[in-house]
Amino acid sequence: MKEEKLTEVFKITSNLAEKWADNAEANIQEKVDSFLDDAMDEFILRVCGFEVSWGSGRNKYKYWRIDHCNGRSGNSPIGDVINKAVAEKLASMMGAFDTVSASDMNDLKKEAHSEYIKQFKRQVSTMVRNRADKDAAEFVKKEVNNALEGSAKKVRLMLMESAK
């Protein structure tokens, strides 16, 4: 009876081992395919110039941003797309100047010159104020401190004489 049970267990085990061996390659291939499917999105995004980042604090979630090393410098597909979009936007913005009339352009030049003079005067005033602050501090350090030191000596002498 024990031999029959052992033989039965052996047959079941052998059948399972044979089925696993027969399906091992397919099982392994299925697991590899599943892994690659899961990783493919991340792989494609990385190749395109994105990097994964993780939030912190309460926002501990995964998000994608442009890779700071390659993506923004145009060394990746997303960098190329961004550079092209920026170039197109700048071109369209610059194209707006073509529609400005000569009269408007002259007015803009006059306004720009007026603003330049205003800002120049403001900067000169600021620089003069800064220089005056520096010179005043130096004057106080040299002259006023010396004068105050002399006054302090006189007061100490007077106090010492009155204490006698």
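Trainee: Which strand is Phe50 found in?
Mentor: This is a predicted model: local features need pLDDT of at least 70, side-chain atom pairs count only at pLDDT 80 or more, and totals for chains, interfaces and linings use all residues. Numbering starts from 1 along each chain as its sequence is written, and side-chain values use heavy atoms, with hydrogens and water left out. Helices (H or I, at least four residues) and strands (E, at least two) are DSSP runs, numbered from the N terminus. Phe50 falls in the run covering residues 50-54, strand S1.

Trainee: What does Phe50 count as, going by its relative accessibility?
Mentor: Buried means under 20% relative accessible area, exposed means over 50%, and partly exposed is in between (1.4 Å probe, protein chains only). Phe50 has 21% relative accessibility, so it counts as partly exposed.

Trainee: And how far apart are the C-alpha atoms of Phe50 and Ser76?
Mentor: Along the chain, Phe50 and Ser76 are 26 residues apart. In space, their C-alpha atoms are separated by 8.9 Å.

Trainee: Zooming out, what pattern does the chain follow along the sequence?
Mentor: The chain has three helices and two strands. Read along the sequence, they come in the pattern α-β-β-α-α.

Trainee: What share of the chain do buried residues make up?
Mentor: The chain has 164 residues. Of these, the buried ones make up 6%.

Trainee: What kind of aromatic pair do Tyr116 and Phe120 form?
Mentor: One aromatic pair turns up in a search of the whole structure. Tyr116 and Phe120 form that pair, with 6.2 Å centre to centre and 25° between the planes. Rings of Phe, Tyr and Trp (its six-membered ring) pair if their centres lie within 6.5 Å; planes under 30 degrees apart count as stacked, over 60 as edge-to-face and the rest as tilted. So the Tyr116 and Phe120 pair is stacked.

Trainee: Why are Tyr116 and Phe120 separated by about one helical turn?
Mentor: Both sit in helix H3 (residues 102-163). The separation is about one helical turn because along helix H3 they are four residues apart.

Trainee: How much accessible area does the nonpolar patch with Tyr116 and Phe120 have together?
Mentor: Patch members have over 30% relative accessible area and no salt bridge; like charges are joined within 9 Å, nonpolar side chains (Val, Leu, Ile, Met, Phe, Trp, Tyr) within 5 Å. Tyr116 is exposed at 52%, while Phe120 at 47% and Ile117 at 33% are partly exposed. With Val124 and Val128, those three form the patch, whose accessible area (Shrake-Rupley method, 1.4 Å probe, only the protein chains shown as cover) comes to about 470 Å².

Trainee: How far apart are the N and O atoms in the salt bridge of Arg131 and Asp135?
Mentor: A salt bridge is a side-chain nitrogen of Lys or Arg within 4 Å of a carboxyl oxygen of Asp or Glu, and the structure holds three. Arg131 is exposed at 53%, whereas Asp135 is partly exposed at 36%. They lie four residues apart in helix H3, and their N to O distance is 3.1 Å.

Trainee: Which residue forms a salt bridge with Glu115?
Mentor: Glu115 is partly exposed, at 37%. Its partner also lies in helix H3, three residues apart, about one turn of the helix. With the closest N and O atoms 3.9 Å apart, that partner is Lys118.
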